[in-house]
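Work through the exercises below with the structure open beside you, and try each task before reading its solution.

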Amino acid sequence: MPTRLSSYFLRTLREDPSDAEVTSHRLLVRAGYIRRQAPGIFAWLPLGLRVKGRIEAIIREEMAAAGAFEVHFPALLPKEPYEQTGRYEEYGPGMFRLSDRREAGYVLAPTHEEVFTLLVKDLYSSYKDLPLTIYQIQDKYRDEARPRAGLLRGREFTMKDAYSFDASDAGLDASYQAQRDAYERIFTRLGLEYVIVKADAGAMGGSKSEEFLHPTPVGEDTFVRSAGGYAANVEAFTTTAPPARSFEGLTPAEVLDTPDTPTIQTLVDRANDVHPRPDGRAWTAADTLKNVVLALTHLDGSRELVVVGLPGDREVDMKRAEVAFAPSEVEPATEADFAKHPGLVKGYIGPWSPSGAVLGEESATGIRFLTDPRVSEGSGWITGANEHGRHVFGLVAGRDFSSDGIAQVAEVVAGDPAPDGSGPVELAKGMEIGHVFQLGRKYAEALGLRVLDENGKLVTVTMGSYGIGVTRILAIIAELNNDAKGLIWPRSVAPFDVHVIATGRGEEIFQAAEAVAAELEAKGLEVLYDDRPKVSPGVKFGDAELIGVPQIVIVGRGVAEGVVELWDRATGERTTLPLDAVAASFG
């Protein structure tokens, strides 16, 4: 039977929700697909569940085609497996933690690697049982500090997560490729443009990680790509170090007075006015070494200051810094931090002063000093002399100072060379819709997942992990498919195939609409029938445009002449059809 709008659990809204930041959030609430319960938490209403179910059906079909089997774990899990892998602490405040009445510890799972691993350990013991790929479609929970944009960044979200188990690295490569191929089919069927980029594995760990990003201006991820085919999330972009240069012929470092120059721009202006370059070229920000002080809060709660030296024409990208120093939390140093370290002269910090090394483990401060890859051996810099109003000119890396390591934390800008030599990169915004990882043996080793190989020896299983954000994808599809009047769902995920509207007061109109709806249902189509008897055509049309079913059949006054209108929601085109030809027009 058709779904009758007169009795359907649906209320559309004429006004936008006050907290809506993006189009998908605004329209999904107004059209009656979701309702807010708390920041980042939404209830799913019948229309929303239908769209979500259609997306999940596509995913299930492709997972089956890739040889994966569906299981289902609870969202509430004991904390011990996460403690065994170290992620109970690594996740920090992002993980919901709770206790039961007996004070036993639990978590609301942000992801399920641990329990999938333990399930296979419990049931499988031989290489003959492998390869295996299992998956679930389940809600995940992460305590986002700033949930935003409706379903695009929430505290509760639905995710498809699959896990592969193999006895060898070659087996992992094959399983990984099978899932990667399935993702391409899924996103193609959903009509989503995607870019596959190199990514950072983050708290998941592993040797290889790729993200599927949908390019969109509202995306939270920045990625880079070159004309030659390189693509990476900015967090995974690696700056290539210039070749080392000889110290021969380089003049000694010289400390000069540079009063009132606490910023890079004031320093460059002063250098060009008072200390011009011998070769006649003007000093620029790229000739200066900016030393940024960051504060790291480690998992044990201890706080450490780290100084990062990078070219003065670059800023620290805090997302890249979070990756570089994970799992520690990163923030700019505070005034209280500087007060505890008087050896750091704010505005004039540098790795060296006339009295000796200032930064590094062997220095007076003992503060770690990390440098950008561009600070290569033999490169010369203008940088702070750790005295108010003074800078050192011609300070040479490797000759006058050294670092404790490399830090890939500088912002990436358009025109930077791709690390594979494929040319300069451009920057774009994207939203993560899928992520695939080669986890390797991290979780299997931590949890003791081993099987007997063909020689009867125990070997550690190697794993892959593969996630798709179901509810995020739904929101992205809504972002892409709408107009000023409402949603316009693609046929593959629309809540209904056809929306039949009875417009008019005559009984014959409603009888004809009822017959059309029943005939379409008999053809296997899912029909939403607007049979509300005392609602004006204008309101019905407005609701139809807001809800966004792609094909609309209008049964009205034309019934007297034996015709109806077929309305294409995407194009706005209306076509007159004989009443008895409606079902045939749908193939």
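A residue counts as buried when its relative accessible area is under 20%, as exposed when that area is over 50%, and as partly exposed in between. Keep in mind throughout that this is a predicted model.

**Exercise 1.** Decide whether aspartate 260 is buried or exposed, and describe its backbone.

Solution. Begin by finding aspartate 260 in the loop between strand 14 (254–257) and helix 7 (264–274). Next, take its relative accessible area, which is 68%, and compare this with the cut-off of over 50%, so that aspartate 260 counts as exposed. Finally, look at the backbone, where phi is positive, at about 55 degrees, although the residue is not a glycine.

**Exercise 2.** Carry out the steps of the previous exercise for alanine 149, and decide whether it is buried or exposed.

Solution. Alanine 149 is found in the loop between strand 8 and strand 9 (156–166). Its phi is near 60 degrees, which is again a positive value in a residue other than glycine. The relative accessibility of alanine 149 is 1%, and because buried means under 20%, this residue counts as buried.

**Exercise 3.** Find which residues a cis peptide bond joins in the cases of proline 131 and proline 327, and say where these prolines lie.

Solution. Start with proline 131, which lies in the loop between helix 5 (113–123) and strand 8 (132–141); a cis peptide bond with an omega of about 5 degrees joins it to leucine 130. Then turn to proline 327, found in the loop between helix 8 (318–324) and strand 17 (329–332), where the cis peptide bond is with alanine 326 and omega is about 5 degrees.

**Exercise 4.** Describe how helix 2 and helix 11 pack, taking the axes before the residues.

Solution. The axes of helix 2 (residues 46–65) and helix 11 (residues 470–480) come within 10 Å and cross at roughly 115 degrees. Since angles of 65 to 115 degrees count as roughly perpendicular, helix 2 is placed in that class relative to helix 11. The crossing in which helix 2 passes helix 11 is right-handed. On the side of helix 2, Gly48, Val51, Lys52, Ile55, Glu56 and Ile59 take part in the contact, and they meet Val470, Thr471, Ile473, Leu474 and Ile477 of helix 11. Sorted by class, this contact has seven nonpolar, two polar and two charged residues.

**Exercise 5.** Determine how many of the eleven residues of helix 11 are buried.

Solution. Ten of the eleven are buried, and helix 11 is therefore mostly covered. Among the buried residues are Arg472, Ala475, Ile476, Ala478 and Glu479.

Methods:
Residues are numbered from 1 along each chain as its sequence is written. This is a predicted model: local features need pLDDT of at least 70, side-chain atom pairs count only at pLDDT 80 or more; totals for chains, interfaces and linings use all residues. Side-chain values use heavy atoms; hydrogens and water are left out. Axes are lines fitted to C-alpha atoms, for helices over the stretch in contact, and angles run from 0 to 180 degrees between N-to-C directions. Helices (H or I, at least four residues) and strands (E, at least two) are DSSP runs, numbered from the N terminus. Angles under 35 degrees count as roughly parallel, over 145 as roughly antiparallel, 65 to 115 as roughly perpendicular and the rest as oblique. A crossing is left-handed if the near helix is turned anticlockwise from the far one by less than a right angle, and right-handed if clockwise. Contact means heavy atoms within 4.5 Å. Ala, Val, Leu, Ile, Met, Phe, Trp, Tyr, Cys and Pro count as nonpolar, Asp, Glu, Lys and Arg as charged, and the others, Gly among them, as polar. Buried means under 20% relative accessible area, exposed over 50%, partly exposed in between (1.4 Å probe, protein chains only).
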